[in-house]
Amino acid sequence: MNMNKGKLIGIGVGPGDPELLTVKAVKMLESVPVICSPKSSPKKPSVALSIVQGILDGRSDEYNVIEPLFPMIEDKNALESYWAGAAELIISELNEGKDVSFITLGDPAIYSTFSYVARIIGDRGYLVEMIPGINSFTGCAASAGITLGEKDEIILVVPKVDQRLDGILEHADTAVVMKTSRHSHMLEEIVNQDPRDKEILSVQNCGMEDEEIFDGFARNGKYLSTTIIKFKKLGSK
């Protein structure tokens with residue numbers, strides 16, 4: 001591999017509050033020559049970019065921002081085409097010897113589109129590293145003032161509500177369900193079938209100015225919605 005090539009760095013920017021960025025992430029963002037900030041739509045600003053914009057505004061040097069399009073679609077072939085296109089944009093910068101920081105909400109190792117692009121770029125022989133960030137559900141728990149797990153309790157993290165949840169929910173002491181507003185009705189049906197007493201709360205837009213925390217399920221369609229269900233053991237008070 002040509003040692004003059006740049007490196008791809010995935011940076012987790014946390015759930016929304018810029019003060020939750022790690023020191024390592026801030027240092028990287030203050031110096032890296034290229035920021036990759038994917039957008040879900042040409043007309044919508046990047047939430048991840050808005051979180052780090054204050055840091056970028058404080059820089060006195062020049063840097064470049066590339067914003068590949070990653071639409072929220074289910075078509076795997078179409079998504080692979082977008083990932084490949086983003087990878088080529090990044091590789092063109094890496095070939096000029098520039099490091100590229102790919103910013104992503106939460107943590108780059110947990111349900112992040114970074115992983116798909118990083119795999120393509122890593123397979124092409126480029127160096128890839130990750131800087132972890134505070135993930136959405138621990139951010140939500142902190143905002144709500146609750147713990148997710150104690151002693152030997154099992155924490156279940158669910159990225160999508162479907163029939164798989166039926167078979168595993170009974171084993172969880174705490175269930176964290178992400179993006180719940182899209183599947184609220186199915187989630188409620190499955191959770192209500194569980195005979196245990198339970199506490200249910202939802203957090204929307206965690207760490208942002210319009211953050212909301214409320215009891216029950218999220219039903220209003222906001223994308224950044226997380227529901228936390230804490231189950232009590234049968235017979236316990």
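A residue is counted as buried when its relative accessible area is under 20%, and by this criterion 6 of the 7 residues of strand 10 are buried in this predicted model, so strand 10 is largely enclosed by the rest of the structure. Strand 10 spans residues 225–231 and is joined to strand 7 by 5 bridges, the two strands running antiparallel. Within this pairing, T174 stands opposite K230 of strand 10, while the bridge partner of V176 in strand 10 is I228. Strand 10 also pairs with strand 8 in the antiparallel sense, here over 7 bridges, and T226 of strand 10 is the bridge partner of V203.

Strand 7 (174–178) is likewise largely enclosed by the rest of the structure, because 5 of its 5 residues are buried. In a regular strand the side chains alternate between the two faces of the sheet. In strand 7 both faces are covered, with T174, V176 and M178 buried on one side and A175 and V177 buried on the other. Besides its antiparallel pairing with strand 10, strand 7 pairs in the parallel sense with strand 6 (residues 155–158) over 4 bridges, and in strand 7 it is V177 that stands opposite V158.

Helix 7, which comprises residues 184–193, contributes further to the packing of this region, and its buried residues are S184, L187, E188, I190 and V191. An α-helix has 3.6 residues a turn, so residues three or four places apart point the same way. The buried residues of helix 7 pack against helix 6 (164–168) and against three strands, namely strand 7, strand 8 (198–204) and strand 10.

A separate description applies to the open sheet formed by 5 strands, which are arranged in the order 3-2-4-1-5 with parallel pairing. Its edge strands, each of which pairs on one side only, are strand 3 (64–66) and strand 5 (128–131). The twist of this sheet averages 25 degrees from one strand to the next. Strand 2 and strand 3 run parallel and are joined by 3 bridges, with N64 in strand 3 as the bridge partner of V34. Helix 2 (residues 47–57) lies across strand 2, strand 3 and strand 4, and runs at about 130 degrees to strand 4. Helix 4 also packs on the sheet, where it touches strand 1 (8–12), strand 4 and strand 5, and the direction of helix 4 makes about 155 degrees with that of strand 5.

The largest nonpolar core contains 19 residues, of which L8, I90, V100, F102, V117 and I121 touch the most other members. Two or more residues are given to this core by each of strand 2 (34–36), helix 3 (76–94), strand 4 (100–104) and helix 4 (114–123), and helix 3 gives the most, with 7 residues. The surroundings of I121 can be described in further detail: when neighbours within four places in sequence are left aside, I121 is in contact with L8, A87, I90, I91, L94, Y126 and V128. A second, separate core comprises 16 residues, including I9, I11, L29 and A48.

Several loop residues were also examined. Most residues other than glycine have a negative phi. Y111, although not a glycine, has a positive phi of about 50 degrees; Y111 is placed in the loop between strand 4 and helix 4 and is partly exposed, with a relative accessible area of 48%. K179 is another residue other than glycine with a positive phi, near 55 degrees, and is located in the loop between strand 7 and helix 7. The relative accessible area of K179 is 26%, so K179 is classed as partly exposed.

R59, in the loop between helix 2 and strand 3, has a relative accessible area of 11% and is therefore buried. A polar atom of the R59 side chain lies 2.7 Å from the backbone oxygen of V32. When residues up to four places away in sequence are not counted, R59 touches L29, E30, S31, V32 and P33, and among these L29 belongs to the second core described above.

How values were computed: Residues numbered from 1 in each chain as written. Predicted model: local features only at pLDDT ≥ 70, side-chain atom pairs only at ≥ 80, totals over all residues. Heavy atoms only, no water. Buried < 20%, exposed > 50% of the residue type's maximum accessible area, 1.4 Å probe, protein only. Contact = heavy atoms within 4.5 Å. Core = buried A, V, L, I, M, F, W, Y, C linked by side-chain atoms within 4.5 Å. Pairing = 2+ DSSP bridges. Axes fitted to C-alpha atoms, helices over the stretch in contact; angles between N-to-C directions. Polar contact = N/O pair within 3.5 Å; in protein donor to acceptor, adjacent residues only side chain to side chain.
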